[in-house]
Amino acid sequence: MKPIKASLVTILLLAISVCVPVEGGVCSEIYFDFEHGNQGWRIPDWAVEQGDYVGEMVEVGREGPLHENLALKLMCDFPRQSWAAAIVEFETVKGIKGKRMISADVFLPGKARKRCLKARIIVTVGSGWWIMEGKAVDLKPGQWNRVAARFDELAPGEEMRADTGEGKSDRVVTSGDIRKIAIRIERDASQWNRVRRYKGSIYIDNVVVRP
Ligand SMILES: [Ca+2]
């Protein structure tokens, strides 16, 4: 899919699938449940090209008969003895305004070794495309793990002076919009010599973005 087309699809998905309107037509939160597709989430191109990013593909699926609902299924291949990560992200050209709290549920299948992987939420913000990382959470195998992050420091937004040219006065632009939301699964480096390779799937569901 060409980038422009992909962006249009992303905007459309944001408008019809993930905005949950409350009274007065204002969206209180944005919710990704992946019951009808990946809702614009994908492995970014830069990660595909990098050797230590080991996400192989992403699709929608369910983990066994115990899981009635669909989730984002990230296939990955973590090596035994080095730092590695797998990442999925959602990008919007519109920006997500006024939302600071993000949470997601992450499921690591029971066949994975204990304490071998962590997950964290990462956002890209503003016209400067600044990257902010949330705290990493240990993934306990065989259960859903809640990963959450609050990005309070983004609240005031940013201020940037734009040169309007020909000696005219500068214009102050304020924008703290979230441009990208990513969930990164990481090898716990402190455990590197006690873990085995993990080749398999990791599931992500119920991504919620709220004020
Ligand atoms: Ca779901």
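Which residue is the bridge partner of M75 in β14? It is S201, and that pairing is a good way into this predicted model. Here are my notes, point by point.

1. **Overall make-up.** The protein chain has 211 residues, and 29% of them count as buried. Its secondary structure consists of 14 strands and 2 helices. Among contacts with a separation of 6 or more, 67% link residues that are 24 or more positions apart. It helps to keep that share of long-range contacts in mind when you follow the strands below.

2. **Strand β4 and its partners.** β4 pairs with β14 in the antiparallel sense, over 7 bridges. M75 and S201 give one example of a bridge partnership involving β14. β4 also runs antiparallel to β3, and 6 bridges join these two strands. There, V60 has L72 of β4 as its bridge partner. As for cover, 6 of the 8 residues of β4 are buried, so the strand is mostly covered.

3. **The largest nonpolar core.** This core holds 42 residues, and those touching the most other members are L72, L74, V88, V106 and I204. Elements that give two or more residues to the core include β4 (71–78), β5 (85–96), β6 (101–107) and β14 (198–210). β2 (27–32), β7 (117–125), β10 (144–150) and β13 (178–187) also belong to that list. As general background, nonpolar side chains in soluble globular proteins tend to be buried together.

4. **A closer look at L74.** Setting aside neighbours within four places in sequence, which residues is L74 in contact with? The set is G55, V58, A86, V88, S201, I202 and I204. Two of these, V88 and I204, are named alongside L74 among the residues touching the most other core members. S201 appears here too, having already come up as the bridge partner of M75.

5. **The loop between β2 and α2.** Three residues of this loop deserve a look on your screen. F34 lies in the loop and counts as buried because it has 23 C-beta neighbours inside 10 Å. Q39 is placed in the loop as well, with α2 spanning 45–49. Q39 is buried because 20 other C-beta atoms lie within 10 Å, and 20 is the cut-off for that class. G37, also in the loop, counts as partly exposed, because it has 13 C-beta neighbours inside 10 Å.

6. **Where the loop meets the rest of the chain.** Q39 and F90 are 51 residues apart in sequence, yet their C-alpha atoms are 8.3 Å apart in space. G37 and V60 are 23 residues apart along the chain, with 6.1 Å between their C-alpha atoms. V60 is also the residue whose bridge partner in β4 is L72.

7. **Backbone angles to check.** F34 has a positive phi, near 60°, and is not a glycine. Q39 likewise is a residue other than glycine with a positive phi, near 55°. For context, most residues other than glycine have a negative phi. I would be glad to hear what you make of these two.

8. **Confidence.** The average pLDDT of the protein chain is 79, and 69% of the residues score at least 70. Which strand has the highest confidence, and which the lowest? Strand β3 (residues 55–61) is highest, at 96, whereas strand β12 (residues 171–174) is lowest, at a mean of 47. Over residues 11–17 the pLDDT stays under 50, and the model has 11 contacts beyond four places in sequence for this stretch. Residues 21–25 also have a pLDDT below 50, with 3 contacts in the model beyond near neighbours in sequence.

Terms used:
Residues numbered from 1 in each chain as written. Predicted model: local features only at pLDDT ≥ 70, side-chain atom pairs only at ≥ 80, totals over all residues. Helix = DSSP H or I, 4+ residues; strand = E, 2+ residues; numbered from the N terminus. Buried ≥ 20, exposed ≤ 12 C-beta atoms within 10 Å, placed from the backbone. Contact = placed C-beta atoms within 7 Å. Core = buried A, V, L, I, M, F, W, Y, C linked by C-beta atoms within 7 Å. pLDDT = per-residue confidence, 0-100. Pairing = 2+ DSSP bridges.
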